[in-house]
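Here is a small set of exercises to work through at your own pace. Have your viewer open, try each task, and then compare your steps with the solution.

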Amino acid sequence: MRLLQIVIVLIGISFITFALTYMSPGDPVRNMYTASGVMPTQEMIDATREELGLNKPFLTQYFTWLTNCLKGDFGKSYSLNKPVVELLASRLLPTLKLAFMSMCIMLILAVPMGVVSALYKDSWIDNLVKCITFFGCAMPNFWVGLLLMLAFCVKLRIFPVMASGGDFKSLFLPALTLAVAMTAKYTRQVRTAVLEELSQDYVIGAEARGVKRSKIIWLNVFPNALLPLITMLGLSIGSLLGGTSVVEVIFSYPGLGNLAVSAITSSDYNLIQGYVLWLSIIYMVVNLIVDMSYNFIDPRMRHKK
């Protein structure tokens with residue numbers, strides 16, 4: 001049933017994406033020639049449109065494109081003159097590296113801060129964490145990225161200005177930029193989840209039996225507070241794969257987001273459509289894996305079935 005829902009959603013996304021690119025202004029054929037340095041005549045444009053099938057009715061174009069997508073053919077990029085699948089595959093690994101490192105930085109910072117903030121509720125530590133998370137949520141990614149670039153690339157010259165996507169130095173600043181806002185959000189979520197678990201009867205009973213508080217927190221409270229965090233992690237992975245465009249452009253990082261911005265500016269419809277469909281598939285698969293993981297993390301979910 002869940003797989004059927006995924007298929008229906010993907011078909012809907014593909015139709016909406018194709019319709020929006022079809023109605024958008026700009027001529028992809030003219031942009032294709034302009035990108036290659038050729039000034040086309042109207043006869044050349046008409047011939048190319050007929051060759052690519054762009055002069056056919058909307059539904060005919062859509063079903064032809066969808067049929068090719070089911071075969072693994074997303075068409076050819078108008079601006080780069082390469083298969084869309086090849087372009088997306090070459091940029092997927094750098095984006096995965098960036099998403100993985102930003103998630104690691106976020107977890108290293110957010111989990112201890114959230115737990116400590118919950119354990120010392122309403123103390124100066126808790127107020128300090130609240131203040132930090134407030135600023136973390138308020139600062140936009142592009143501003144954080146520019147500040148980090150100014151400090152560590154221009155002034156201190158520790159990291160390169162342009163990120164190649166290969167080594168640790170080129171990955172760290174873009175990943176830290178993405179992790180700032182996520183850390184603030186997850187710290188608050190961890191604090192809320194831990195506080196909710198600390199008020200449960202099993203915690204009071206364990207403390208009454210003389211069980212060490214640290215043991216209660218890490219063996220009972222934290223695992224029970226983990227389930228909502230896993231849901232957020234699944235959503236964050238999807239948003240990281242699709243929402244890193246601004247950061248990738250700022251650091252000239254060779255990822256999917258940077259490729260998508262280039263496709264939009266050049267009206268490369270095939271590349272835009274392939275990008276959206278690819279991310280939709282990845283997002284759906286990640287959330288399906290997260291839902292399936294509930295049964296292994298929380299035994300109560302298995303008993304409900």
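The exercises below go from the whole chain to helix pairs, cores and single residues.

The model is predicted, so local features need pLDDT of at least 70 and side-chain atom pairs count only at pLDDT 80 or more, while totals for chains, interfaces and linings use all residues. Residues are numbered from 1 along each chain as its sequence is written, and side-chain values use heavy atoms, with hydrogens and water left out.

**Exercise 1. Describe the chain as a whole.**

Step 1. Begin with secondary structure: the chain has 15 helices and zero strands. Helices (H or I, at least four residues) and strands (E, at least two) are DSSP runs, numbered from the N terminus.

Step 2. Next, take the extent along the principal axes: the C-alpha atoms fill a box of roughly 85 × 55 × 30 Å.

Step 3. Then turn to burial. Buried means under 20% relative accessible area, exposed over 50%, and partly exposed in between (1.4 Å probe, protein chains only). On that scale, 42% of the 305 residues count as buried.

Step 4. Finish with contacts, meaning heavy atoms within 4.5 Å. Among contacts between residues at least 6 apart in sequence, 74% join residues at least 24 apart.

**Exercise 2. Characterise how α5 meets α10, and then how α5 meets α8.**

Step 1. Two packed helices are described by the angle between their axes and the distance between the axes. Here, axes are lines fitted to C-alpha atoms, for helices over the stretch in contact, and angles run from 0 to 180 degrees between N-to-C directions.

Step 2. For α5 (residues 84-119) and α10 (residues 213-224), the axes come within 13 Å and cross at roughly 120 degrees. The two helices are therefore oblique to each other; angles under 35 degrees count as roughly parallel, over 145 as roughly antiparallel, 65 to 115 as roughly perpendicular and the rest as oblique.

Step 3. The crossing of α5 with α10 is right-handed. A crossing is right-handed if the near helix is turned clockwise from the far one by less than a right angle, and left-handed if anticlockwise.

Step 4. On the α5 side, Val111, Val115 and Leu119 take part, and they meet Arg213, Ile217, Trp218 and Phe222 of α10. By class, these contact residues are six nonpolar, no polar and one charged. Ala, Val, Leu, Ile, Met, Phe, Trp, Tyr, Cys and Pro count as nonpolar, Asp, Glu, Lys and Arg as charged, and the others, Gly among them, as polar.

Step 5. For α5 and α8, the axes come within 5 Å and cross at roughly 35 degrees, again in a right-handed crossing. The contact residues here are 26 nonpolar, five polar and two charged.

**Exercise 3. Which residues touch the most other members of the largest nonpolar core?**

Step 1. A nonpolar core is a set of buried Ala, Val, Leu, Ile, Met, Phe, Trp, Tyr and Cys residues joined through side-chain atoms within 4.5 Å.

Step 2. The largest core has 48 residues, and Trp65, Leu88, Met106 and Leu271 touch the most other members. Helices that each supply at least two residues of this core include α1 (2-23), α4 (58-70) and α14 (269-297). The biggest contribution comes from α5, with eleven residues.

Step 3. Zoom in on leucine 271: not counting residues up to four places away in sequence, leucine 271 touches Ser77, Val84, Leu87, Leu88, Leu259 and Ala263. Apart from the largest core lies another, of 13 residues, among them Val115, Ala118, Val203 and Phe222.

**Exercise 4. Is phenylalanine 159 buried or exposed, and which residues does phenylalanine 159 touch?**

Step 1. Locate phenylalanine 159 in the loop between α7 and α8.

Step 2. Its relative accessible area is 13%, so phenylalanine 159 is buried.

Step 3. Beyond four places in sequence, phenylalanine 159 touches Phe152, Cys153, Lys169, Phe172 and Leu173.

Step 4. Follow one partner: phenylalanine 172 lies in helix α8 and is partly exposed, with a relative accessible area of 23%. Leaving aside neighbours within four places, phenylalanine 172 is in contact with Met101, Ile105 and Phe159.

**Exercise 5. Examine the positive phi values of arginine 157 and serine 252.**

Step 1. Arginine 157, not a glycine, has a positive phi of about 55 degrees. Arginine 157 sits in the loop between α7 and α8 and counts as exposed at 70% relative accessibility.

Step 2. For serine 252, also a residue other than glycine, phi is near 50 degrees. Serine 252 belongs to the loop between α12 (245-250) and α13, and at 31% relative accessibility serine 252 counts as partly exposed.
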